[in-house]
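Please read the following report with the sequence and the model side by side, and find each part on the screen as it is mentioned.

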Amino acid sequence: MIDARITKVIQEIPKVTTLFFDTDLGAKPGQFGMFWLPGEGQRPMSFSYGNAITVKNVGPFSAKLSALRPGDMISIEGPYGNSFDISGSSVVLIGGGFGIAPLRFVAQECYKENIAITSLLGFKSLEDVFFEKELSKYGDVYIATEDGSCGEKGMITCLFNTVKHEFDKGYCCGPERMMAAAMEHFGKHMPLQLSLERYMKCGMGLCGSCEVDGLLVCKDGPVFYQEQLGPSFGKFKRDKTGRKIPI
Ligand SMILES: Cc1cc2nc3c(=O)[nH]c(=O)nc-3n(C[C@H](O)[C@H](O)[C@H](O)COP(=O)(O)OP(=O)(O)OC[C@H]3O[C@@H](n4cnc5c(N)ncnc54)[C@H](O)[C@@H]3O)c2cc1C
Ligand code: FES
């Protein structure tokens with residue numbers, strides 16, 4: 001475990017905060033760290049930069065994490081898990097909600113490799129939109145919001161037909177039903193890598209809480225090619241007690 005100091009905090013939107021720390025753990029896009037706070041336990045967070053995470057405040061742990069300020073300390077284990085395979089000459093990024101956080105890191109690394117990037121982003125409403133400017137630095141960005149307050153009106157799927165399928169590969173992260181729809185649409189035309197979120201206790205392949213169709217998301221993933229995924233994808237996950245529940 002490494003103790004890192006927070007160096008900079010960016011409030012992306014009211015409930016989404018990017019925390020930079022003074023240590024680059026050598027993470028690759030798609031990998032995550034286990035972030036530990038005294039009295040709160042630990043949670044997995046994907047790296048949005050080599051030395052930063054982007055947190056959505058949705059509960060007790062993420063609220064405490066979001067409240068950290070420059071100078072505060074945080075304990076990190078990792079980086080854990082595998083990463084997106086950055087290659088090709090033209091790629092599409094498909095992201096929804098806080099799934100856009102790791103895709104920012106993917107875009108940065110693709111850009112370094114001179115890979116053309118198109119981003120398709122889905123949000124509920126204008127006030128949920130973040131990383132739009134960040135991703136615009138690296139390529140074309142298309143946005144859909146459910147209420148039409150920014151970009152196209154509708155779910156992210158309404159953007160799928162606005163781009164041609166001439167990409168070498170796709171990278172996808174976000175709500176699992178959205179990823180299942182992306183797999184259905186783009187998976188036929190190109191290799192697609194999808195980052196899964198499951199309840200994680202240890203983050204290192206020991207407890208089995210992140211198991212999905214025989215795969216451990218923390219160790220075999222969190223990034224999978226579409227053909228690796230089994231029947232639970234987009235349909236079931238496990239709760240904190242290990243019970244299988246519909247997505
Ligand atoms: C591999 C991996 C990478 C992750 N990367 C990130 C990341 O980059 N940024 C990030 O903010 N979180 C990320 N998470 C989720 C994170 O680990 C926590 O689950 C999340 O912060 C909620 O923890 P909590 O204790 O604050 O809330 P909890 O009490 O665990 O959850 C509060 C409520 O919010 C819901 N909820 C949980 N997580 C989310 C979410 N992310 N969005 C919307 N609703 C949610 C729960 O279903 C519950 O109803 C990642 C999870 C995994 C497995
Ligand atoms: S979180 Fe323990 S095995 Fe994956």
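How many cavities of 30 Å³ or more does the count come to? The model is a predicted one, and in it the count comes to 1 cavity of 30 Å³ or more. The space in the largest cavity amounts to about 40 Å³, and the residues that line the largest cavity are Met45, Ser46, Ile53, Thr54, Phe98, Ala101 and Pro102. Two or more residues of this lining come from each of β4 (41-49), β5 (52-56) and α2.

**The strands at the start of the chain**

Strand β1, which covers residues 2-13, is joined by 6 bridges to strand β2, residues 16-21, and the two run antiparallel. Together β1 and β2 form a hairpin, with 2 residues between them. Strand β1 also pairs with strand β6 (residues 73-80), in the antiparallel sense and over 4 bridges. Strand β2, for its part, is joined to β5 by 5 bridges, and these two strands run antiparallel. The table gives some of the residue pairs that can be found along these strands.

| Residue | Facing residue and its strand |
|---|---|
| Ala4 | Ile74 in β6 |
| Lys8 | Phe20 in β2 |
| Val9 | Leu19 in β2 |
| Leu19 | Ile53 in β5 |

Leu19 can be followed across the strands, since Leu19 is the bridge partner of Val9 and has Ile53 in β5 as a bridge partner. Ile53 in turn belongs to the lining of the largest cavity.

Are the faces of β2 covered or uncovered? Both faces are covered, with Val16, Thr18 and Phe20 buried on one side and Thr17, Leu19 and Phe21 buried on the other. Counted by residue, 6 of the 6 residues of β2 are buried.

**The seven-stranded sheet and its helices**

Further along the chain, 7 strands form an open sheet with mixed pairing, and their order is β10-β9-β8-β7-β11-β12-β15. The edges of this sheet are taken by β10 (152-153) and β15 (223-225), each of which has a single partner strand, so one side of each is left without a neighbour in the sheet. Within the sheet, strand β7 (residues 90-96) and strand β8 (residues 116-123) pair in the parallel sense over 7 bridges, and Ile94 has Leu120 in β8 as its bridge partner.

Helix α2, residues 100-112, packs on this sheet and touches β7, β8 and β11 (169-173), while the direction of α2 makes about 165° with that of β7. Arg104 is found in helix α2. Is Arg104 buried or exposed? Arg104 has a relative accessible area of 1%, and because buried means under 20%, Arg104 counts as buried. Leaving out residues up to four places away in sequence, Arg104 touches Ser48, Tyr49, Phe131, Glu134, Leu135 and Tyr138.

Helix α4, residues 176-186, lies across β7, β8, β11 and β12 (192-195), and runs at about 175° to β12. The buried residues of α4 are Glu176, Met178, Met179, Ala182, His185 and Phe186, and they pack against β7, β8, β11 and β12. When reading such a list, it helps to remember that an α-helix has 3.6 residues a turn, so residues three or four places apart point the same way.

**The cysteines**

How many disulfides does a search of the whole structure find? The search finds 0 disulfides. Cys158 is in no disulfide, and the nearest cysteine sulfur, that of Cys150, is 12 Å away; a disulfide would need a pair of cysteine sulfur atoms within 2.5 Å. With a relative accessibility of 30%, Cys158 counts as partly exposed. Cys173 is likewise in no disulfide, and here the nearest cysteine sulfur is that of Cys172, which is 7.4 Å away. Cys173 has a relative accessible area of 9% and is buried.

Definitions and conventions:
Residues are numbered from 1 along each chain as its sequence is written. Chains are lettered from A and ligands numbered from 1 in the order in which they are written. This is a predicted model: local features need pLDDT of at least 70, side-chain atom pairs count only at pLDDT 80 or more; totals for chains, interfaces and linings use all residues. Side-chain values use heavy atoms; hydrogens and water are left out. Two strands pair if DSSP finds at least two bridges between them. Buried means under 20% relative accessible area, exposed over 50%, partly exposed in between (1.4 Å probe, protein chains only). Contact means heavy atoms within 4.5 Å. Axes are lines fitted to C-alpha atoms, for helices over the stretch in contact, and angles run from 0 to 180 degrees between N-to-C directions. On a 1 Å grid over the protein atoms alone, a cavity is a set of points where a 1.4 Å probe fits but cannot get out, and a pocket is an open set with protein on both sides within 12 Å along at least five of seven lines; lining residues have an atom within 4 Å of a point. Grid points are joined across faces, edges and corners, and a volume is the space filled by probe spheres set on the points.
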